[in-house]
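Me: I would like to learn how to read a structure that is new to me, one feature at a time. Could we go through it slowly together?

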Amino acid sequence: MADLDDIKDGKDWGQDRPADTSKFFLKGGAHQDWGMKARLSRIFNPASGKTVMLAFDHGYFQGPTTGLERMDLTIAPIAAHADVLMCTRGALRATIAPDVNKPVVLRCSGGNSILRELSNELVAVDIDDAIRLGAVAMAAQVYIGAEYEHKSIGNVVKLIDQGTRYGIPTMAVTGVGKDMVRDARYFGLATRIAAEIGAQFVKSYYVDSGFERIVLGCPVPIVIAGGKKLPEAEALDMAWKAIDQGAAGVDMGRNVFQSSNPTAMLQALGAVVHRGERADRAYEMFLDLESAKAA
């Protein structure tokens, strides 16, 4: 049995030996069942192997944050421009018309708020309701190193077990407590744990130093969170760096719905993620689209 003695940081990351995707276009997915692969193929574009997800699940613990005060006015009009929607079941039923026909990654954890310890979550959606809503994946936080680490891992394990039974992937989201250091060593640990317990893909954060090692050390796809609102040029640059270093897409919220032009931002992100457009060219695209709307 492994113990805590003589733990050493990894050294051989195999940068010159990419993961084998000859049997399925996503790394780590070759041996999944047909239904699991079919749903993953709706989340990730088989042509590019990547995705642009629009996250607007923030209200489940933040309440009506800026940009999400009226989701019918801010999110519903832009939903069609994302590849995938990530949200709660309440927001989905109340805000998104079914004929938008976008794949939904369903937020399935809850039970916390910004007023209390964030890591104290529970599974907040039954698998039957996820199926009823047609979710292509389920998502929950995993809080490695936090007070309720064990409970959060248990929540994700429950979703993985239930999802595997019905061919529905689980996305583990690496939650970061207020006292935790956001560095490559932490996210390398958190993403690897998420993959080892069976998550089919992981949402994490981009870091300037060591992100490529995080991706290489995680045997399933990683999509990056946007985090706090950045100027559009900086958000696009972060997305480009993440994709360049192996990320399989973005799952952004505030950097889209708090943008001066959310639709243009989604389109610019799509250019970076799917076509490999450099950040400066994507920002020019954003400005052109914003000017065209104003004209």
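Reply: Let us begin with two neighbouring strands, keeping in mind that this is a predicted model. Strands β1 and β2 run parallel and are joined by three bridges, and one of the pairings sets A55 against M86 in β2.

Me: How many bridges join β2 to β3, and do these strands run parallel or antiparallel?

Reply: Three bridges join β2 to β3, and the two strands run parallel. Here L85 has V104 in β3 as its bridge partner.

Me: Which residues of β2 point one way, and which the other way?

Reply: In strand β2, which covers residues 84-87, V84 and M86 point one way while L85 and C87 point the other way, and all are buried.

Me: In what order do the strands close into a barrel?

Reply: Eight strands close into the barrel, following the order β1-β2-β3-β6-β7-β8-β9-β10, and their pairing is parallel. From one strand to the next, the twist averages 25°. Helix α11, residues 262-275, packs on the sheet, where it touches β1 (51-55) and β10 (249-252), and its direction makes about 145° with that of β1. Elsewhere in the barrel, strand β7 (residues 170-174) is joined by three bridges to strand β8 (residues 201-204), the two running parallel, and V173 stands opposite K203 in β8.

Me: Now a single residue: is R107 buried or exposed?

Reply: The general idea is to compare the relative accessible area with a cut-off, and buried means under 20%. R107 has a relative accessible area of 5%, so R107 is buried. This residue lies in strand β3, residues 104-107.

Me: With which side chain does the side chain of R107 make a polar contact?

Reply: The side chain of R107 makes a polar contact with that of D57, at 2.9 Å. Leaving aside residues up to four places away in sequence, R107 touches several others, among them D57, Y60, M86, C87 and V173.

Me: Is D208 buried or exposed?

Reply: The same kind of reading applies, with exposed meaning over 50%. D208 has a relative accessible area of 65%, so D208 is exposed. Its place is in the loop between β8 and α8 (211-216). The C-alpha atoms of D208 and D183 are separated by 8.6 Å, although these residues are 25 residues apart along the chain.

Me: How is a pair of aromatic rings described?

Reply: Such a pair is described by the distance of the centres and the angle of the planes. The structure holds seven aromatic pairs. One of them joins Y60 and F61, whose ring centres are 5.0 Å apart and whose planes stand at 70°, so this pair is edge-to-face. Both Y60 and F61 are buried. Y186 and F187 also form an edge-to-face pair, with 5.2 Å from centre to centre and 75° between the planes, and both of these residues are buried.

Me: Which residues do ring pairs link into a cluster?

Reply: Ring pairs link Y186, F187 and Y205 into a cluster. Turning from rings alone to an arginine and a ring, R182 lies over the face of Y205, at 4.5 Å from the ring centre.

Me: Where does the charged end of R278 sit?

Reply: The charged end of R278 sits over the ring of W240, 4.5 Å from its centre.

Technical notes. Residues are numbered from 1 along each chain as its sequence is written. This is a predicted model: local features need pLDDT of at least 70, side-chain atom pairs count only at pLDDT 80 or more; totals for chains, interfaces and linings use all residues. Side-chain values use heavy atoms; hydrogens and water are left out. Two strands pair if DSSP finds at least two bridges between them. Helices (H or I, at least four residues) and strands (E, at least two) are DSSP runs, numbered from the N terminus. Axes are lines fitted to C-alpha atoms, for helices over the stretch in contact, and angles run from 0 to 180 degrees between N-to-C directions. Contact means heavy atoms within 4.5 Å. Buried means under 20% relative accessible area, exposed over 50%, partly exposed in between (1.4 Å probe, protein chains only). A polar contact is a pair of N or O atoms within 3.5 Å; within protein, one must be able to donate a hydrogen and the other to accept it, and residues adjacent in sequence count only if both atoms are side-chain atoms. Rings of Phe, Tyr and Trp (its six-membered ring) pair if their centres lie within 6.5 Å; planes under 30 degrees apart count as stacked, over 60 as edge-to-face and the rest as tilted. A charge sits over a ring if NZ of Lys or CZ of Arg is within 6 Å of the ring centre and within 35 degrees of the ring normal.
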